[in-house]
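Colleague: I am new to reading models like this one. Please choose a single part and take a close look at it with me.

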Amino acid sequence: MLQSMTTEPEQQIGVGSPDAFQRLWTPHRMAYIQGENKPSGSGAEDGCPFCAIPSKSDEDGLVVARGELVYAVLNLYPYNGGHLMVVPFRHVADYTELDDAETAELGLFTKRAMTALRTASGAHGFNIGMNQGAVAGAGIAAHLHQHVVPRWGGDTNFMPVVGHTKVLPQLLADTRTMLAKAWPAAS
């Protein structure tokens with residue numbers, strides 16, 4: 001049972017008893033809640049998904065774009081539609097561990113991500129940032145990644161606040177294709 005629940009869950013038989021609540025089932029979130037795909041340790045060989053993604057096809061890994069030192073990938077558990085991350089290929093945990101070239105390309109890919117999201121979806125604004133360490137909220141603290149979350153006026157409604165559910169209007173594979181097409185060419 002989740003810690004936020006204050007009472008024992010009611011056992012449902014069939015569709016359950018009718019009540020005033022509408023239910024949106026998001027079973028894909030259970031994988032995140034239970035820690036699926038989280039590394040077993042802090043090393044690259046300990047099941048790090050950010051180290052495994054580059055060996056997959058762009059479609060299978062949800063990779064939007066690849067650079068020399070970093071890549072952009074959609075978040076499997078997005079805060080908003082189009083939520084992506086810029087990730088160094090090298091397995092490092094802390095921003096201060098990046099070399100100058102990695103730091104520069106991470107910044108460049110962040111700019112390109114913003115451009116692609118504006119082009120593809122008309123994003124009005126962005127939340128951009130890194131959670132450094134588990135205590136700071138990093139879901140995968142062992143491999144640095146920067147979040148780029150598009151925002152639109154009125155994109156916050158009752159669902160995340162009351163229902164603890166985020167409604168995404170598009171499949172991740174479709175979002176990946178749309179953003180890959182809108183990704184700016186290298187200059």
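Modeller: What follows is a close look at strand β3 and the elements around it.

First, some ground rules. This is a predicted model, in which local features need pLDDT of at least 70 and side-chain atom pairs count only at pLDDT 80 or more, while totals for chains, interfaces and linings use all residues. Residues are numbered from 1 along each chain as its sequence is written, and side-chain values use heavy atoms, with hydrogens and water left out.

Now the setting. The protein has six helices and five strands. Here helices (H or I, at least four residues) and strands (E, at least two) are DSSP runs, numbered from the N terminus. Read from that end, the order is α-α-α-β-β-β-α-β-β-α-α. Of the 187 residues, 33% are buried. Buried means under 20% relative accessible area, exposed over 50%, and partly exposed in between (1.4 Å probe, protein chains only).

Next, β3 itself, residues 84–88. Five of its five residues are buried, so the rest of the structure largely encloses the strand. L84, V86 and P88 point one way. M85 and V87 point the other way. Both sets are buried.

Which strands pair with β3? β2 does, in the antiparallel sense, over five bridges. β5 does too, also antiparallel, over three bridges. Two strands pair if DSSP finds at least two bridges between them. You can check both by eye. Y71 has V87 of β3 as its bridge partner. M85 stands opposite H147 in β5.

Follow β2 a step further. β2 (residues 70–74) runs antiparallel to β1 (residues 63–66), and three bridges join them. A65 is partnered with A72 there. Three residues form the hairpin link from β1 to β2. Just before β1, look at L62, in the loop between α3 and β1. L62 is not glycine, yet its phi is positive, near 60 degrees. L62 has 9% relative accessibility, so it counts as buried.

Between β2 and β3 there is another loop, and N80 sits in it. At 5% relative accessibility, N80 counts as buried because it is under the cut-off. The side chain of N80 reaches the backbone oxygen of P150 at 2.8 Å. That is a polar contact: N or O atoms within 3.5 Å; within protein, one must be able to donate a hydrogen and the other to accept it, and residues adjacent in sequence count only if both atoms are side-chain atoms.

Two helices touch β3. Among the elements that the buried residues of α4 (100–121) pack against are β1, β2, β3 and β5. Packing rests on contacts, meaning heavy atoms within 4.5 Å. Those buried residues of α4 include L106, F109, M114 and L117. At the start of α4, a side-chain oxygen of D99 comes within 3.1 Å of the backbone nitrogen of A101. After α4 comes G122, with a positive phi near 65 degrees.

The second helix is α6 (residues 172–182), where T175, R176, L179 and A182 are buried. Seen down the axis of α6, they fall within an arc of 135 degrees, so they line one face (the arc is that of the directions from the helix axis to the C-beta atoms). An α-helix has 3.6 residues a turn, so residues three or four places apart point the same way. The buried residues of α6 pack against β3, and also against α3, β1, β2 and α4.
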